[in-house]
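Welcome, and please take a moment with the sequence and the model before reading on. The paragraphs below walk through them one place at a time.

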Amino acid sequence: MNAVCPQAITRRCFLQKSAKTGLALGLSPLMFDVGQAQAATRRRDDFEPAYLKLHESGELARRADELWALMKSCRLCPRRCGVNRHSGMSGVCQAPGTDLVIASFHPHFGEERPLVGQGGSGTVFFSHCNLRCAFCQNYDIALLGRGDESSVANLARMMRVLQTIGCHNINLVTPTHYSAHILKAIDIAAGQGLRLPIVYNTSGWERIEILELLDGVVDIYLPDFKYWDGDMSAKYSSDAASYPEMTAKAILEMQRQVGVAIPPAGSVSRSSKCSMASSISTCPISSIGIATCRPSILPTRPIILK
Ligand code: SF4
């Protein structure tokens, strides 16, 4: 991120500043409302998100139900814990059953530059995480579970608020263990006028079967690629030895769905399958994000490597 944006602030820095600002104003990050946002302007275009058709056909609701059912013996991520989240059990991710926990939602100006634009990336930070890395920059959110319980309807409201205040996308950070809730919320929000592209901001450690259910829902994938070495991923990411193999396959599936992003001129070089692989191989341990997005939105919403 910093390599392509000298003035970029880190996600941790942004969250700390947001929290301080919110406290100074007497606001909770979960308390944004439409009224406060009226001063912001929103650039509208004729972009139509793919999930709209799935919503109208009922397919989005069907897929959400399918994901929801998978939590009965949870297999939403490669851990495949098998715990019954419907009865309140928690797996490795520590998500409390089927309850949804969200740390914050707000316009994010420290994200990858092409996601930010003038209005910011409409970021939702989900609490808990299935990968649980020792070096996590959002440790208190991802590993300690800091956040507030929310309903699916409230998540849909957050999406609409982010659209109303002028954000360019809905950026779902660490979404994997809440994919069922997310699809339900998008289905509700789409019916209420949500038209922003969906960014799936993930560790990359995803099951292909789950990604297939996201096909046509997600407009932009923003996965990390943290390791080429399974011993390292097991050591630093809570025994996730399958990370390199599974994530490589997952990224190819993402690419199959949406293509590869072309960064804007002056940011980073034009990416392709080959340049992606090259970038990864030069940095085998550190976190590298690889953006892919639907070709139809490339002219206005190109993405970059981070
Ligand atoms: S989402 Fe959580 S409970 Fe479900 S398989 Fe993954 S780590 Fe286990």
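Let us begin at Thr-174, which is buried because 23 other C-beta atoms lie within 10 Å, and a residue needs 20 or more to count as buried. Keep in mind as you look around that this is a predicted model. Thr-174 sits in the loop between strand 4 (170-173) and helix 7. Its backbone has a feature worth a look: phi of Thr-174 is near 60°, a positive value in a residue other than glycine.

A second residue makes a good companion to that one. Phi of Asp-239 is near 70°, again a positive value in a residue other than glycine. Asp-239 belongs to the loop between helix 9 (230-236) and helix 10 (243-258). Is Asp-239 buried or exposed? Asp-239 is exposed, since it has 12 other C-beta atoms within 10 Å, and 12 or fewer is the cut-off for that label.

Now step back to the whole chain. The protein chain has 11 helices and 9 strands. Of its 306 residues, 49% are buried. Contacts also reach across the sequence: among those between residues at least 6 apart in sequence, 71% join residues at least 24 apart.

With that overview in hand, return to helix 7 and look at its partners. Two packed helices are described by the angle between their axes and the distance between the axes. How do helix 3 and helix 7 pack, and at what angle? Helix 3 (residues 59-70) packs against helix 7 (residues 179-191) at an angle of about 160°, and their axes are 8 Å apart. That angle makes helix 3 roughly antiparallel to helix 7, because angles over 145 degrees are given that name. The crossing of these two helices is left-handed.

The residues that meet here can be picked out on each side. Helix 3 brings Leu-60, Ala-61, Arg-63, Ala-64, Leu-67 and Trp-68, while helix 7 brings Ser-179, Ala-180, Leu-183, Lys-184, Ile-186 and Asp-187. By kind, the residues of the contact of helix 3 with helix 7 divide into 8 nonpolar, 1 polar and 3 charged.

One of these residues, Leu-183 in helix 7, deserves a closer look. Leu-183 counts as buried because it has 27 C-beta neighbours inside 10 Å. Leaving aside neighbours within four places in sequence, Leu-183 is in contact with Leu-60, Arg-63, Ala-64, Leu-67 and Val-217. Trp-68 offers another view of how the fold brings the chain together: Leu-183 and Trp-68 are 115 residues apart in sequence and 9.4 Å apart in space, C-alpha to C-alpha.

Helix 7 also meets helix 6 (residues 152-164). The axes of helix 6 and helix 7 come within 8 Å and cross at roughly 60°. That angle makes helix 6 oblique to helix 7, and the crossing is right-handed. On the helix 6 side the contact is made by Val-152, Ala-153, Leu-155, Ala-156, Met-159 and Arg-160, and on the helix 7 side by His-181, Lys-184, Ala-185, Ile-188 and Ala-189. The residues of this contact divide into 8 nonpolar, 1 polar and 2 charged.

From the helices, move to strand 2 (residues 121-126), where you will find Phe-125. Phe-125 is buried, as 23 other C-beta atoms lie within 10 Å. Which residues does Phe-125 touch, not counting residues up to four places away in sequence? Phe-125 touches Ile-102, Ala-103, Ser-104, Ile-141 and Val-173. Phe-125 and Val-101 are 24 residues apart in sequence and 9.2 Å apart in space, C-alpha to C-alpha.

Next comes Thr-202, in the loop between strand 5 (198-201) and helix 8 (208-214). Thr-202 counts as buried, because 28 C-beta neighbours lie inside 10 Å. Not counting residues up to four places away in sequence, Thr-202 touches Pro-175, Thr-176 and Pro-223. Thr-202 and Leu-172 are 30 residues apart in sequence and 8.1 Å apart in space, C-alpha to C-alpha.

The last stop is the ligand. There are 14 residues around the ligand, and of these Cys-74, Cys-77, Cys-81, Gly-91 and Cys-93 come nearest. The shell around the ligand divides into 8 nonpolar, 3 polar and 3 charged residues.

Notes: Residues are numbered from 1 along each chain as its sequence is written. This is a predicted model: local features need pLDDT of at least 70, side-chain atom pairs count only at pLDDT 80 or more; totals for chains, interfaces and linings use all residues. A residue is near a molecule or strand if its C-beta atom, placed from the backbone, lies within 6 Å of it. Ala, Val, Leu, Ile, Met, Phe, Trp, Tyr, Cys and Pro count as nonpolar, Asp, Glu, Lys and Arg as charged, and the others, Gly among them, as polar. Axes are lines fitted to C-alpha atoms, for helices over the stretch in contact, and angles run from 0 to 180 degrees between N-to-C directions. Helices (H or I, at least four residues) and strands (E, at least two) are DSSP runs, numbered from the N terminus. Angles under 35 degrees count as roughly parallel, over 145 as roughly antiparallel, 65 to 115 as roughly perpendicular and the rest as oblique. A crossing is left-handed if the near helix is turned anticlockwise from the far one by less than a right angle, and right-handed if clockwise. Two residues are in contact if their C-beta atoms, placed from the backbone, lie within 7 Å.
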